[in-house]
Amino acid sequence: MSERHPIIAITGSSGAGTSSVTRTFENIFRRESVSAAVIEGDSFHRYDRLEMRKRQAEAEKAGDKHFSHFGPENNLFPELEQLFRSYAETGNGKRRKYLHDPVEAAPYKQDPGTFTPWEDLPEGTDLLFYEGLHGAVVTPEINIARHPDLLIGVVPVINLEWIQKLYRDKNVRGYSAEAVTDTILRRMPDYVHYICPQFAHTHVNFQRVPVVDTSNPFIARDIPTADESICVIRFSNPKGIDFPYLLNMINDSFMSRANTLVVPGGKMELAMQLIFTPYIWRMMERRKRALGAI
C-alpha cells in the first residue's frame with residue numbers, strides 16, 4: 001500500500017461483470033480529474049491465444065482436463081506483483097495489452113489474441129487501476145492482495161456468472177454452448193483454488209443476485225436484467241461507511257447485516273458512485289499530503 005502511489009484493483013471471474021465496474025470508475029476518474037494508469041488483467045496471461053490452444057491440446061492429450069487461464073502456470077503472477085510493488089514505491093512500472101478482437105488489434109497491426117510489446121507506464125499518473133482475474137491472489141510464492149489500497153470483488157452468484165459468460169462467449173465471441181460449458185468445467189478446480197479465495201481479501205464485494213429463475217443456466221435465453229436482480233454489497237471493515245446516508249440516497253435499500261448493504265440491481269452503479277467517490281477523494285488527499293511532505 002502506498003499513499004503517494006495508490007493502487008485500486010477490481011477482481012472477478014470471467015463473465016462476472018468487472019467491466020461494468022471499470023466503466024463506473026472511469027466516470028469517477030473523469031469527473032474528479034484523476035489520471036489513472038490502467039492495467040488489464042488479461043495482459044498478464046503467460047501465453048497468447050494460439051500458444052494457449054496448443055498447450056491446452058497438449059495438456060488434454062497428457063490427461064490434464066483442468067488446464068485453464070485461472071491458475072498460476074498460465075499467468076505471470078510474479079510479474080504482476082512486481083508491477084504493483086514497483087508502482088507503489090516509485091509510480092513506475094511496465095505494462096502491455098492483450099488484443100481480444102480485430103477492432104482492438106487493428107491500430108497495432110497485429111493479430112487478435114496477441115500481446116503488444118511491454119512499455120513503461122505513463123509518467124505522472126495519480127494511481128494505478130487494475131481490472132482482471134487476479135487482483136487479490138495469494139499463493140505460497142506471491143501475495144498480490146497486500147499491495148492495493150482499495151480491493152473490490154465482483155462476484156455474481158455462480159449461475160448468473162455462468163449465464164453471463166455463456167451469453168458473451170456465444171453471442172459476442174461466436175463459441176458454441178458446448179465449448180463454453182467445457183471451458184467452465186475445465187476451469188473449476190482453478191476457480192475453487194485461485195478465484196474464490198480472493199474474496200476473503202477484498203475490501204468491498206459486489207454480488208448481484210437474480211430474483212428470477214436461473215436454476216439451469218445452460219438453457220437460459222437471456223441475462224437477467226438489473227431490475228430483475230438485487231445487489232449485495234459487503235464491506236470487510238464498515239468503519240467510516242455512512243450507512244444512513246446510503247440508505248437515504250438509494251431507494252428500497254436495506255441492511256441485511258452490520259457490514260452488508262442490499263440495493264436494487266438497477267441502483268448498483270449509483271451505489272458505486274456514492275461509495276467510491278469519497279474513497280477517491282480521501283486517496284487523492286492523502287497522496288497530496290504525502291507528496292507535499294517530500
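**Exercise 1. A loop residue and its patch**

Task: Place Val212 in the chain, then decide whether Val212 is buried, partly exposed or exposed.

Solution.
Step 1. Val212 lies in the loop that runs between strand E7 (204-210) and strand E8 (229-235). Keep in mind that this is a predicted model.
Step 2. The relative accessibility of Val212 is 34%. Buried means under 20%, and exposed means over 50%. Val212 therefore counts as partly exposed.
Step 3. Now find the patch. Val211, Val212 and Ile230 make a nonpolar surface patch of about 220 Å².

**Exercise 2. Reading the sheet**

Task: Give the strand order of the open sheet and say what kind of pairing the sheet has. Then name the edge strands.

Solution.
Step 1. The open sheet has eight strands, in the order E2-E5-E1-E6-E7-E8-E10-E9. The pairing is mixed.
Step 2. Strand E2 (36-40) and strand E9 (254-257) are the edge strands, since each pairs on one side only.
Step 3. Add the twist. On average, neighbouring strands of this sheet are turned by 20 degrees against each other, direction ignored.
Step 4. Recall the background. Strands of a sheet pair through backbone hydrogen bonds, and they do this either parallel or antiparallel.

**Exercise 3. The E2 side**

Task: Work out how E2 and strand E5 (residues 127-132) pair, parallel or antiparallel. Then find the helix that packs on the sheet and touches E2 and E5.

Solution.
Step 1. E2 and E5 are joined by five bridges in the parallel sense.
Step 2. Pick one bridge. Glu40 has Glu131 in E5 as its bridge partner.
Step 3. The helix is H3 (residues 77-90). Helix H3 packs on the sheet and touches strand E1 (7-11), E2 and E5. The direction of H3 makes about 160 degrees with that of E5.

**Exercise 4. The E9 side**

Task: Describe how E10 pairs with E8 and with E9. Then decide how enclosed strand E10 (residues 260-264) is.

Solution.
Step 1. E8 and E10 run antiparallel and are joined by five bridges. One pair is Arg234 with its bridge partner Thr260 in E10.
Step 2. E9 and E10 also run antiparallel, with three bridges between them. Here Phe254 stands opposite Val262 in E10.
Step 3. E9 and E10 form a hairpin, and two residues lie between them.
Step 4. Four of the five residues of E10 are buried, so this strand is largely enclosed by the rest of the structure.

**Exercise 5. Positive phi**

Task: Give the phi angles of Ser33 and Lys109. Then say whether Ser33 and Lys109 are buried or exposed.

Solution.
Step 1. Start with the rule. Most residues other than glycine have a negative phi.
Step 2. Ser33 has a positive phi, near 55 degrees. Ser33 sits in the loop between helix H1 (18-32) and E2. The relative accessibility of Ser33 is 64%, so Ser33 counts as exposed.
Step 3. Lys109 has a positive phi of about 55 degrees, and Lys109 is not a glycine. Lys109 sits in the loop between helix H4 (102-105) and strand E4 (119-120). The relative accessibility of Lys109 is 76%, so Lys109 counts as exposed.

**Exercise 6. Salt bridges**

Task: Which residue forms a salt bridge with Lys97, and which with Arg146? Sort these residues by exposure.

Solution.
Step 1. Begin with the total. The model has eleven salt bridges.
Step 2. Lys97 forms a salt bridge with Glu40, with the closest N and O atoms 2.9 Å apart. The pair links distant parts of the chain, 57 residues apart: Lys97 is in the loop between strand E3 (94-95) and H4, and Glu40 is in strand E2.
Step 3. Lys97 has a relative accessible area of 27%, so Lys97 is partly exposed. Glu40, at 25%, also counts as partly exposed.
Step 4. Arg146 meets Glu81 in a salt bridge of 3.0 Å, N to O. These two are 65 residues apart: Glu81 is in helix H3, and Arg146 is in the loop between E5 and strand E6 (150-154).
Step 5. Glu81 is buried, with a relative accessible area of 4%. Arg146 is partly exposed, with 46%.
Step 6. Now look for shared partners. Glu81, Arg85 and Arg146 are joined into one network by salt bridges that share partners.

Definitions and conventions. Residues numbered from 1 in each chain as written. Predicted model: local features only at pLDDT ≥ 70, side-chain atom pairs only at ≥ 80, totals over all residues. Heavy atoms only, no water. Patch = residues over 30% accessible without salt bridge, like charges linked within 9 Å, V, L, I, M, F, W, Y side chains within 5 Å. Areas by Shrake-Rupley, 256 points an atom, 1.4 Å probe, with all protein chains shown as cover. Salt bridge = Lys/Arg side-chain N within 4 Å of Asp/Glu carboxyl O. Buried < 20%, exposed > 50% of the residue type's maximum accessible area, 1.4 Å probe, protein only. Pairing = 2+ DSSP bridges. Axes fitted to C-alpha atoms, helices over the stretch in contact; angles between N-to-C directions. Contact = heavy atoms within 4.5 Å.
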